[in-house]
Amino acid sequence: MTLSAIHASRLRQDRVAQEDLLLFVNACFACTGQREFYGDGHGQRVSLDFLHRYILGNYRALYAQVLALGVNHMNQALIVKNLLATGRDTPAAHRARENALVTRALHTLPTHRAMHLLEDLAKRGVNNRRTRALTQRYLADARSRDFRAVKYRRSFRRAAVHAHAPFTGELGPFLLRGWKERRFTTPLFESFRQGHFAASAIYDLPFTVAEGLAQKHGVRREVFLERIGPKLTHHERLRLSEAREAAGIAADVDWSRQPLVRIASYVLSLSLAQRDERTAELAGAFEASAARAIRSTAARFGRVACVLDRSFSSYGSSEKRRRPLAVALAVAQFLRAASDSFIGLWTHPVSPGGELMVTPRGATDLATPILAALRHEPDLLVVVSDGFDNDPQGLAGQVLEAGARLLPRCFMLHLNPVYDSESFAPKALSPAVPTLGLRDAEDVPTLVSIARFAAESGTMAELSRELDARVRAFLDGAS
Amino acid sequence: MSAALTALPGLRAGSPQVMGAFRIVPLLRESAPGDLRIGKEAYDAYGVVRLDGLPEEPGLSYVSYVPHGLVIAHTQDGAEATLGASIFRGSEGKPRRVKLHHRMVKARTADDGSARFRMLPLHLAMEGFLALHFRGPDILWQEYSDQAARRGLDPRSETSVRGAWLAGFEDAVRLFEIHEHQVGVLVFVADALATVFVVSHPDDYRKLHLSLLEDFFGELLYTYALLYPESPRAESRIDPRAVTDLDHLAREMDRVRTDFRHYTELLAQGLFGRPAHTETVRDLGAFTLQRFYPDFDPREECHIGEQILRRDGTVEYMKTFRLSHAQVRRAYLLEKLAEAEWDLDRAMVLLGAASKTELLKRIANAGFGYLLKPHLVRGLPVDPQSR
């Protein structure tokens, strides 16, 4: 083999690796293994599981680095689990970085995800020195140890026993030896014990634990919701806002702390009459959240046109109810706040009440709004859709292609919140326009830069540099 | 003999949505007057329908599984018709196994401005098909059996398949995205027209969309759904390099839509391109309820159906059933026999049979052996495949 042939084959390998990685990252943004409108949950899980195995087997180092890219929590947990389960395949040179990534990922995951991940490792019998050390360190975190032991009692015990974690302090009596048999000096443990006998003690406990005990003591729902107020997390506060208002308590939701998609999902869960009544409040919620997201991402775009899919398929499924529509609504809110001039065009014009009144309805005619968007000559054209255009089939992709030729200055991007299990990627509208999986509206700036990179077909070296920077930023956030 | 069925005036075919073997084309109507409304009444039971006489007397009955009936409300003066609340009640208590119906089309009392009647969709058309030459030979030629003389074709039966049993149809119907102004669909299985379903008002269509699964289909379509997991691809492309500006692009988009519409029309030729016989079942004043059937030509696709037409010819309701080849052959045979006044020698010529034995064999294979004297049938080489 000549030197140039070796070089050519290396380039080819790089190309394949780059495409595989993009495919995998895309899947990890969009797929949660749940049922979608067009695909069932089982197919999604099988397809995603295959991708994970494939990438893990072939590009272990890259696989670990995906943790730093902000893929969804379900996939982060799966990556951590797979890495820990196959620890002996780690090359010695990568060991330190992989350890750092796994540790950091576990600590940044939401607690419930992390606890269930640890429990899952125990269930699957993954027991090696690294897993044990990681579990022990996670569980021993002094600031939240007692809280986790109470709120995730079963998972905590199972993971701790599995990882041979020392049951220091009062953990032993609390988890192993019958908590009823003594008084605790740890305040949370003591409240947990007292809560089983006295209704007044439950209000120091986490909401999920207290809720069951309140039922046991027959506490009236209004009284319980009122008094447990200070213990609610932001998400619980949002979830219970309706119930609290019905009980005559202020909902008191801090909208700026909620991600845009979650607000959108909440808005879409309301009836049209409720949305109409609360338009000002909900619009304010979007503004507050978008403003915070823009501060943290420092994103700014010029003239932006957004084509948003509100066809019937954006209803999602009973597991991901109205998720594609919520994502579209959230992206519209984010881009409106992050651009100099913004125009949002829905597949079916929204009713007079404005975007907040949007419902999943009608067929998917993306071509007409894309043409209308092109007439505004934007710098950035974002299409948010599940990629199934059917009015008529395949036209949207062709219009995008033609548009790309007519307006070479306009950068086009298709964001897809839905993973298509058969093609191992979010369904594309056209090969000429990059299609990326989308999880949160706040990810849009990242995705735009990834798409620009893919469109300019940068080299593997550049990609590695970019990844490296992301990984360092991810690890530097470590506390 | 009437003219060809007009290709649904007042309605516009939208873009097809393809799921597996099924191509479902929405039919759109921009403004529905609302003076004819259609609702569903669920039975989910075997139905015995008395076609003549009173329920307690002996007489002619039609027996089939009848999942639902349609209630049709209409007004004469163009005012909004209302269905009333009563028809939407579910079945109370135990589901009935057999339900007795009186007539295919039965008037309902209504105390408000709308006149209402109940009909059994598709069974109306099917009953018409089964009743073709039902009385049997007019002249008792010597070959015909006693049963043929006494009871005609009775009992006459055909088989069909529930929509839910067509492989993949359930998913296709569930995933279909209903348009805002949609009043109907054309359903194709592997690009063969399976059924046309049209109602008058978009809101009614939205409610009746899932009832497609309860309709019945010919066994031909059942086979097609199994044999062709994917519909043939049909596409019309825009050449991105040839597009000069955005207006040109808009024109090209219109062309693509028109291409799809033409393709749909092409596929539906088997129904709309052929002459049909219509028979008025009920005159409703401003509307007429008809059933129709084509010339039964074994080389062509044949659809039977029922429709409600406005005075100006607008289709306010339509439902069709595609006959399988065996069914068409049976109808063709009966038609030719009747044309020859049931004289087997003349029928032999009309049907192009080489010998009388061949004709007898054809009659027996079509399932009408019971019309012939047993000794004629006994010696025939019966082909079990042909039924």
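Me: How many helices and strands does chain B have?

Reply: Chain B has 11 helices and 16 strands. Please keep in mind that this is a predicted model.

Me: What makes the radius of gyration of chain B agree with that of a compact globule?

Reply: Take the expected value and set the model beside it. For 387 residues, the rule of 2.2 Å times the number of residues to the power 0.38 puts a compact globule near 21 Å, and chain B has 23 Å, so the two agree. Along its principal axes, the C-alpha trace of chain B spans about 75 × 60 × 40 Å. Of the 387 residues, 40% are buried.

Me: How many of the contacts in chain B between residues at least 6 apart join residues at least 24 apart in sequence?

Reply: The share is 65%.

Me: Why are β6 and β7 of chain B said to stand at the edges?

Reply: Happily, the strand order shows it. The open sheet of five strands in chain B reads β6-β4-β5-β8-β7, with mixed pairing. β6 (98-102) and β7 (105-108) of chain B each have a single partner strand, so one side of each lacks a neighbour in the sheet. Neighbouring strands here are turned by 35 degrees against each other on average, direction ignored.

Me: How do you know that strand β4 of chain B pairs with β6(B)?

Reply: Count the bridges. Pairing needs at least two of them, and five join β4 (residues 36-50) of chain B to β6(B), with the strands running parallel. In this pair, B:Arg50 stands opposite B:His102 of β6(B).

Me: And what makes β7(B) and β8(B) a pair?

Reply: Once more the requirement is at least two bridges, and β7(B) and β8(B) share four, running antiparallel. B:Lys106 faces B:Arg118 in β8(B). The two strands form a hairpin, with six residues between them.

Me: Let's turn to chain A. What makes β2 and β7 of chain A edge strands?

Reply: The open sheet of chain A has five strands in the order β2-β1-β3-β4-β7, with parallel pairing. β2 (339-346) and β7 (435-437) of chain A each pair on one side only. The average turn between neighbouring strands of this sheet is 25 degrees, direction ignored.

Me: How do you know that strand β3 of chain A pairs with strand β4 of chain A?

Reply: At least two bridges are required, and five join β3 (residues 380-384) to β4 (residues 411-416) of chain A, which run parallel. One facing pair is A:Leu381 and A:Met412, the latter in β4(A).

Me: Which helix lies across β4 and β7 of chain A?

Reply: That is α1 (residues 3-30) of chain A, running at about 50 degrees to β7(A). Helix α20 (residues 367-374) of chain A packs on the sheet too, touching β1 (301-308), β2 and β3 of chain A. The direction of α20(A) makes about 155 degrees with that of β2(A).

Me: Why is α20(A) called mostly covered?

Reply: Six of its eight residues are buried, where buried means that 20 or more other C-beta atoms lie within 10 Å of the residue's own. The six are A:Ala367, A:Pro369, A:Ile370, A:Leu371, A:Ala373 and A:Leu374. They pack against β1, β2, β3 and α21 (395-406) of chain A, together with α6 of chain B.

Me: Why is A:Leu380 called partly exposed?

Reply: A residue with 20 or more other C-beta atoms within 10 Å is buried, and one with 12 or fewer is exposed. A:Leu380 has 19, so it falls in between and counts as partly exposed. This residue is found in strand β3 of chain A. Leaving out residues up to four places away in sequence, A:Leu380 touches A:Phe301, A:Val304 and A:Phe411. A:Cys410 lies 30 residues apart from A:Leu380 along the chain, yet 5.5 Å separate their C-alpha atoms.

Me: How many residues of chain B are in contact with chain A?

Reply: 23 residues of chain B are in contact with 25 of chain A. On the chain B side, β2 (17-19) and α6 (246-267) are the elements giving two or more residues. The largest share, seven residues, comes from α6(B). By class, this side has 12 nonpolar, four polar and seven charged residues.

Terms used. Residues are numbered from 1 along each chain as its sequence is written. Chains are lettered from A and ligands numbered from 1 in the order in which they are written. This is a predicted model: local features need pLDDT of at least 70, side-chain atom pairs count only at pLDDT 80 or more; totals for chains, interfaces and linings use all residues. Axes are lines fitted to C-alpha atoms, for helices over the stretch in contact, and angles run from 0 to 180 degrees between N-to-C directions. Two residues are in contact if their C-beta atoms, placed from the backbone, lie within 7 Å. Ala, Val, Leu, Ile, Met, Phe, Trp, Tyr, Cys and Pro count as nonpolar, Asp, Glu, Lys and Arg as charged, and the others, Gly among them, as polar.
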